[in-house]
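Dear colleague,

I am passing on to you the structure we spoke about, and I would be glad if you would look through it alongside the notes that follow.

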Amino acid sequence: MNLLKKNLFVLAMVCLALPAFSQVTVNASIDSLQLLIGEQAHVKVEVSCPTDGDLIMPTYPNNMLMEGIEIVGEVKTDTQYLNKKNHMVVTQTYAVTSFDTAFYYIPPFEVLVDSVNYASNPLALKVMTYDVDTTNVEAIFPIKDIVKRPITFVEVLPMSGSILLIVALCFLIP
């Protein structure tokens with residue numbers, strides 16, 4: 001009787017755990033919540049779903065994540081298989097930048113799994129500008145010319161040694 005109760009308990013736990021493995025979750029994260037104009041941040045979209053599901057990740061054909069945020073690079077999609085390849089975690093990372101000072105609300109990323117739409121959590125990004133002192137105009141300097149450096153003996157030594165070695169070999173070989 002005790003064995004029957006134990007087996008029923010294990011069966012109940014397995015039945016309760018199965019829906020957790022078949023669920024789809026979408027999580028978005030960003031490595032930096034604020035950046036300066038022109039700097040880059042990495043946005044990661046992670047989808048956990050069954051392996052047999054048909055997964056379609058979001059695409060951005062014009063390289064704009066949204067108005068004001070540009071995608072400058074996309075890392076190859078990473079896929080990890082879990083639970084004897086019955087479940088997978090797909091990770092897509094985007095390198096983004098912005099050239100406008102603003103506080104951006106990035107809406108949830110939407111993915112399709114078996115023609116069902118799933119959304120991630122929204123993100124926020126603050127883009128700040130550089131402080132420029134415009135009161136002191138003399139502190140702003142023009143572009144400098146190229147500096148010509150003299151050639152030193154240490155820079156000439158390997159080349160001249162090679163030439164002398166070749167000349168010496170030419171005289172030694174009949």
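Strand β4 is joined by two bridges to strand β10, which covers residues 110-113, and the two run antiparallel; within this pairing, Leu 55 stands opposite Val 113 of β10. Please keep in mind throughout that this is a predicted model. The pairing belongs to an open sheet of three strands, ordered β4-β10-β11 and antiparallel in its pairing, and its edges are formed by β4 (55-56) and β11 (116-119), each of which pairs on one side only.

Strand β12 deserves some attention as well, since two further strands pair with it. Strand β2, residues 34-36, runs parallel to β12 and is joined to it by three bridges, with Gln 34 standing opposite Lys 126. Strand β9, by contrast, pairs with β12 in the antiparallel sense over five bridges, and there Tyr 105 has Ala 124 as its bridge partner. The two faces of β12 are unlike in their cover: Leu 123, Leu 125 and Val 127 make up the covered face, whereas Ala 124, Lys 126 and Met 128 lie on the uncovered one.

Leu 125 leads on to the interior, where the largest nonpolar core has 27 residues and where Leu 65, Val 96, Phe 109 and Leu 125 have the most contacts inside it. Several strands supply at least two residues each to this core, among them β1 (25-30), β6 (69-74), β9, β10 and β12, while the largest share, five residues, comes from β3. In soluble globular proteins, nonpolar side chains tend to be buried together. Leaving aside residues up to four places away in sequence, Val 96 touches Glu 39, Gln 40, Ala 41, Val 43, Leu 65, Ile 69, Glu 70, Ile 71 and Val 72.

Thr 93 is found in strand β8, residues 87-97. Is Thr 93 buried or exposed? Its relative accessibility is 17%, and because the cut-off for buried is under 20%, Thr 93 counts as buried. With the same allowance for residues up to four places away, Thr 93 touches His 42, Val 43, Lys 44, Gly 73, Glu 74 and Val 75.

Finally, helix α2 (residues 153-172) is hardly covered, for the count of buried residues among its 20 residues is zero. At 1.5 Å a residue this helix should span 28 Å, and its end C-alpha atoms are 27 Å apart, which agrees.

With kind regards

How values were computed
Residues are numbered from 1 along each chain as its sequence is written. This is a predicted model: local features need pLDDT of at least 70, side-chain atom pairs count only at pLDDT 80 or more; totals for chains, interfaces and linings use all residues. Side-chain values use heavy atoms; hydrogens and water are left out. Two strands pair if DSSP finds at least two bridges between them. Helices (H or I, at least four residues) and strands (E, at least two) are DSSP runs, numbered from the N terminus. Buried means under 20% relative accessible area, exposed over 50%, partly exposed in between (1.4 Å probe, protein chains only). Contact means heavy atoms within 4.5 Å. The expected span of a helix is 1.5 Å times one less than its number of residues. A nonpolar core is a set of buried Ala, Val, Leu, Ile, Met, Phe, Trp, Tyr and Cys residues joined through side-chain atoms within 4.5 Å.
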